[in-house]
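Okay, everyone, let's get going. I'll put the structure up and then talk through a few spots in it.

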Amino acid sequence: MNQVISNTTRIKQINVELVKDALIELVYGTKQSISNITGLSVATCGNILNELIESGEVIEIDLEQPSGGRPARRFMYNANYSYVACIDLSYQQGIYKIAYAVTNLVGEIIEEDSVTVDNITYQSIVHHIDRLIANYKIIKAIGIGVPAVVYEGVVVGECDIKNLTNFPLEKELKIVFDKKIIVENDMNLKALGFYRKQNYDPDQNIAVINFPKDKCIGSGVIVGGHVVKGNTNFAGEVSYLPLDVPQEQLVYELNKDGRLVPLVVKIITSVIAVINPATIALTGELVKSDMLEDIFNGCLEIIPREHLPEIIIRENIQDDYINGLVSVTIESLTCDVQLVKKRI
């Protein structure tokens, strides 16, 4: 009996998300138009809409203009029903920075800024979130991007922000704040934001590889529209590839004259052989546009031309980063059950 109740509740949650998604796509809609998009009955759509109106997440607007019959009620999704706060924690060239964005439920920016701080600690993160919540009391979810592997909410292994190394950031923040909390690897977020911004076909694969100055390289990989994380969220840690250079010496080698392009080629060809991407975007201070021809020709010596992806330089990845962080934070508020087609 409990299983039946659980299944019924989950189906209801999925139907609610379908209705909300349809309204966001339509901008405004009637019960009939929402039914047409979702495949749900008009009666089911009507019941869900009534509940969403009562909660304030949907607004009823002017009646549809009559065309011979009774005018239909029209509905609009209330994007400002609640907000999300997205925070990017970084340490670059000796500078600690906290960048943030507060958005509504369709990703429209309400406030966006960045601040330089002396250090980033758990306490400073809590202080920053407290300030945002004090300014925007309808914040319902908080997403945080960190330059490290994140597994089950724990910042695993080395992190550029030393105070967060092996720290259970997500768990600790959930104790303090009665909000949805998401902590995610920065490269996964950059890859997701880039992928969605380019409007790729859902079946296409892409990779974003970061070559920062004086720091470890990393990547984010999208396969079939989904971020590839792996068994312990270690996927994309390309600095661990067998590059004939000890891992602890790789940063030094990448910064040496004449060593960068051959190492970039080895990394790219490894990624191509594994996921066969449509596009590989290179970012970070070390890669320059005048290197592209040498990189492409180097890859061509190893990979047949017909399998080579488009290789581009993404000089400014910050907008993609924020876009990816906003996306996953908003999605954390939706039903965690998804209906997907089986892919072979």
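So, Thr103: this one is buried, at 0% relative accessible area. Before I go on, keep in mind that this is a predicted model. Where does Thr103 sit? It's found in strand 5. And what is Thr103 in contact with, once you leave aside the neighbours within four places in sequence? You get Ser82, Tyr83 and Val84, then Glu108, Ile109 and Ile110, and finally Val326 and Ile330.

Let me use that contact list to look at the surroundings. Strand 4 covers 83–92, strand 6 covers 109–117, and helix 10 is residues 318–331. Helix 10 lies across strand 4, strand 5, strand 6 and strand 7, and it runs at about 140° to strand 4.

Now the sheet itself. We have 5 strands in an open sheet, and the order is 6-5-4-7-10, with mixed pairing. At the edges you find strand 6 and strand 10, each of them pairing on one side only. On average, neighbouring strands here are turned by 15° against each other, if you ignore direction. There's a second helix to mention: helix 5, residues 169–176, packs on the sheet and touches strand 7 (139–146) and strand 10. The direction of helix 5 makes about 160° with that of strand 10.

Quick reminder: strands in a sheet pair through backbone hydrogen bonds, and they can do that parallel or antiparallel. For strand 5, residues 95–103, and strand 6, the pairing is antiparallel, over 8 bridges. One register point if you want to check it on screen: Tyr96 stands opposite Val117 in strand 6.

Tyr96 is a handy way into the aromatics. How many aromatic pairs are there? The count comes to 6. One of them is Tyr91 with Tyr96, a tilted pair, 4.3 Å centre to centre and 35° between the planes. Tyr91 is partly exposed, at 26% relative accessibility, while Tyr96 counts as buried at 14%. Then there's Tyr195 with Tyr200, and that pair is stacked, with the centres 5.8 Å apart and 20° between the planes. Tyr195 is buried at 7% relative accessibility, and Tyr200 is buried too, with a relative accessible area of 18%. Add Phe194 to Tyr195 and Tyr200 and you have one aromatic cluster.

On to charges. Generally speaking, side chains of opposite charge can pair when their charged atoms come close. In this model the count comes to 13 salt bridges. I'll start with Glu57 and Lys20, where the closest N and O atoms are 3.0 Å apart. That pair links distant parts of the chain: Glu57 is in the loop between helix 3 (42–55) and strand 2 (58–61), and Lys20 is in helix 1 (residues 2–26), 37 residues apart. Are these two buried or exposed? Glu57 counts as buried at 11% relative accessibility, and Lys20 counts as buried at 9%.

Another one is Asp320 with Arg314, where the closest N and O atoms are 2.8 Å apart. Asp320 is buried, at 0% relative accessibility. There's some sharing of partners as well: Glu17, Lys20 and Glu57 are joined into one network that way. And then Lys256 and Glu253, with their side chains meeting in a salt bridge at 3.9 Å, N to O. Lys256 is partly exposed at 34% relative accessibility, whereas Glu253 counts as buried at 7%.

Last topic, the cysteines. A disulfide, just to have it said, is a covalent bond between the sulfur atoms of two cysteines. How many disulfides does the structure hold? The number is 0. Why no bond for Cys159? Because the closest cysteine sulfur, in Cys216, is 12 Å away from its own sulfur, which is too far for a bond. Going the other way, the closest cysteine sulfur to that of Cys216 is in Cys159, again at 12 Å and too far. As for their surroundings, Cys159 is buried, at 2% relative accessible area, and Cys216 is partly exposed at 39% relative accessibility.

Okay, that's my tour. Over to you for comments.

Definitions and conventions:
Residues numbered from 1 in each chain as written. Predicted model: local features only at pLDDT ≥ 70, side-chain atom pairs only at ≥ 80, totals over all residues. Heavy atoms only, no water. Pairing = 2+ DSSP bridges. Helix = DSSP H or I, 4+ residues; strand = E, 2+ residues; numbered from the N terminus. Axes fitted to C-alpha atoms, helices over the stretch in contact; angles between N-to-C directions. Contact = heavy atoms within 4.5 Å. Buried < 20%, exposed > 50% of the residue type's maximum accessible area, 1.4 Å probe, protein only. Salt bridge = Lys/Arg side-chain N within 4 Å of Asp/Glu carboxyl O. Disulfide = S-S within 2.5 Å. Phe/Tyr/Trp six-rings, centres within 6.5 Å; stacked < 30°, edge-to-face > 60°.
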